[in-house]
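Thanks, everyone. Let me put the model up, and then I'll walk you through the places worth a look.

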Amino acid sequence: MSLTLQASALRDQVASIIAAAGSSAIEAKQVADNLVLANLSGHDSHGVGMVPRYVDAVAEGGLKPNSSVAVKLDIGTMLTLDGQRGYGQVVGVQAIQMGIERARQHGSCIMTLGNAHHLGRIGHFAEMATAQGLVSMHFVNVLSRPVVAPWGGGDGRFGTNPCCIGIPLAGAEPFLLDYATSRVAQGKMRVAHNKGERVPPGHLIDEHGRPTDDPGVVVVPQSNGLFGALMTFGEHKGYGMAIACELLGGALTGGGTWHRPADTSRTVLNGMLTVLIDPAKLGTQASFDAEARAFIDWLRQSPPGAGFDAVQIAGEPERKARAARQVEGIWVDDATWGEIVAAGAKVGVAIG
Ligand SMILES: NC(=O)c1ccc[n+]([C@@H]2O[C@H](COP(=O)([O-])OP(=O)(O)OC[C@H]3O[C@@H](n4cnc5c(N)ncnc54)[C@H](O)[C@@H]3O)[C@@H](O)[C@H]2O)c1
């Protein structure tokens, strides 16, 4: 049965499952809060639908509850951290808190985080940094399944490698650009497949490398046992950005790159390169504030194009979704809810 739940009720249900899967009450709450915030932000692909995967990853031994980041190097302006396969919602927050502290002290910080389990919405970390007045840039790779095809290639070779840039704006909400470098997020294909929907052309190739509109090709194994693949956004340019994320988020962090055939593991590891900058320490704070504000005002004066109400800046759709879903609740489709109930049953929690 599908249902609409208020955020607080959904948080409690998810926290009970994560706790039963081995996490402390504090960790379970942190994971649940983060996942429900993704749903509130309109990104169901990175919300509570991830719970079954997390439960399986813990059982597999690929996700280690109650882990903390290990510091491999700390020279103030550079931090090298290892997530030790802990929940990304926990080790990612620990890592970004350390990076924010160093950037406030020294003016900037280059932080690498390898071996974090799924970091969820990368924008969460940029929101933490921009709330402290910092610019933040994130390049992330995904060690899970090679679900995205290279430009000009016919099968999946790397993950949905997200990229995120957060920029604080004086007296206004921040610019918060946060997206997968695949044409769409893999999780959105799971949601579309669960809803029985088709997707527009240009998003997917099937297991033979042919264009398709069936999201199932990247969700369930096809007749020959293989999966199809997602395409990158922006043709060769998005493809280049995806590769930069793999090289920076995977190779430079020490977390590793993907270079092997797909397997059936449920574990999802992320590597993330983060660059944090304090405009105040850079000496350009006053002109940054004025010029950024002037440019955003100028953008907003653009008349609406056909089919649009107004120009928006990145971060606005998520803030609008939060305001609406806080009131209306969060709708969870049948298949996703069924998977969450089954995940609860695996760890002895009856929900529904
Ligand atoms: N942890 C992982 O392994 C992983 C992997 C892939 C994606 N993700 C996450 O998935 C989430 C969803 O990614 P996605 O690619 O589906 O996002 P998306 O395609 O919905 O794009 C989102 C970005 O575009 C902006 N945007 C949307 N509409 C806009 C408009 N009309 N005008 C201006 N800006 C607009 C949003 O504010 C946001 O910055 C992200 O939070 C990403 O970090 C995580």
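I'll start with the overall fold, then take the ligand site, a pocket and a cavity.

Keep in mind that this is a predicted model. The protein has 11 helices and 12 strands. For overall size, the C-alpha trace spans about 60 × 50 × 45 Å along its principal axes. Is that a compact chain or an extended one? A compact globule of 352 residues would have a radius of gyration near 20 Å, and the protein has 20 Å, so the value agrees with a compact globule.

Now the ligand. Which residues surround it? There are 22 of them, and the closest are Asp-178, Ala-180, Lys-188, Gly-315 and Glu-318. Three of these five make polar contacts that I want to show you, each to an oxygen atom of the ligand. Start with Asp-178. An N or O atom in its side chain is 2.5 Å from a ligand oxygen. Ala-180 uses its backbone instead, with an N or O atom 2.8 Å from an oxygen of the ligand. Gly-315 also comes in through the backbone, where a polar atom sits 2.7 Å from a ligand oxygen. How much of the ligand does the protein bury? Taken alone, the ligand exposes 860 Å², and the protein buries 80% of that.

What does the shell consist of? By residue type, 10 are nonpolar, eight are polar and four are charged. By element, strand β7, residues 172–180, and helix α10, residues 316–328, each supply at least two residues. β7 has the largest share of the shell, at five residues.

Stay with β7, since the strand comes up again in the second largest pocket. That pocket holds about 210 Å³ of space. Its lining has 16 residues, and those closest to the centre are Glu-127, Glu-173, Pro-174, Leu-176 and Arg-319. Which elements build the lining? α5 (123–130), β6 (162–169), β7 and α10 each supply at least two residues. β7 gives the most here, with five. So β7 and α10 each contribute to the ligand shell and to this pocket lining. The lining divides into six nonpolar, three polar and seven charged residues.

Last stop, the enclosed space. How many cavities of 30 Å³ or more turn up in the whole structure? The search finds one. The largest cavity has a volume of about 90 Å³. Its lining includes Asn-39, Asp-44, Arg-190, Lys-195, Trp-331 and Asp-333. Two elements, α6 (186–195) and β12 (330–332), give two or more residues to that lining. α6 has the largest share, with three residues. By type, the cavity lining has four nonpolar, three polar and four charged residues.

That's the tour. Questions, please.

Key: Residues are numbered from 1 along each chain as its sequence is written. This is a predicted model: local features need pLDDT of at least 70, side-chain atom pairs count only at pLDDT 80 or more; totals for chains, interfaces and linings use all residues. Side-chain values use heavy atoms; hydrogens and water are left out. A residue is near a molecule or strand if one of its heavy atoms lies within 4 Å of it. A polar contact is a pair of N or O atoms within 3.5 Å; within protein, one must be able to donate a hydrogen and the other to accept it, and residues adjacent in sequence count only if both atoms are side-chain atoms. Accessible areas come from the Shrake-Rupley method with a 1.4 Å probe; for residues, only the protein chains shown count as cover. Helices (H or I, at least four residues) and strands (E, at least two) are DSSP runs, numbered from the N terminus. Ala, Val, Leu, Ile, Met, Phe, Trp, Tyr, Cys and Pro count as nonpolar, Asp, Glu, Lys and Arg as charged, and the others, Gly among them, as polar. On a 1 Å grid over the protein atoms alone, a cavity is a set of points where a 1.4 Å probe fits but cannot get out, and a pocket is an open set with protein on both sides within 12 Å along at least five of seven lines; lining residues have an atom within 4 Å of a point. Grid points are joined across faces, edges and corners, and a volume is the space filled by probe spheres set on the points. The radius of gyration is taken over C-alpha atoms; the globule rule is 2.2 Å times the number of residues to the power 0.38.
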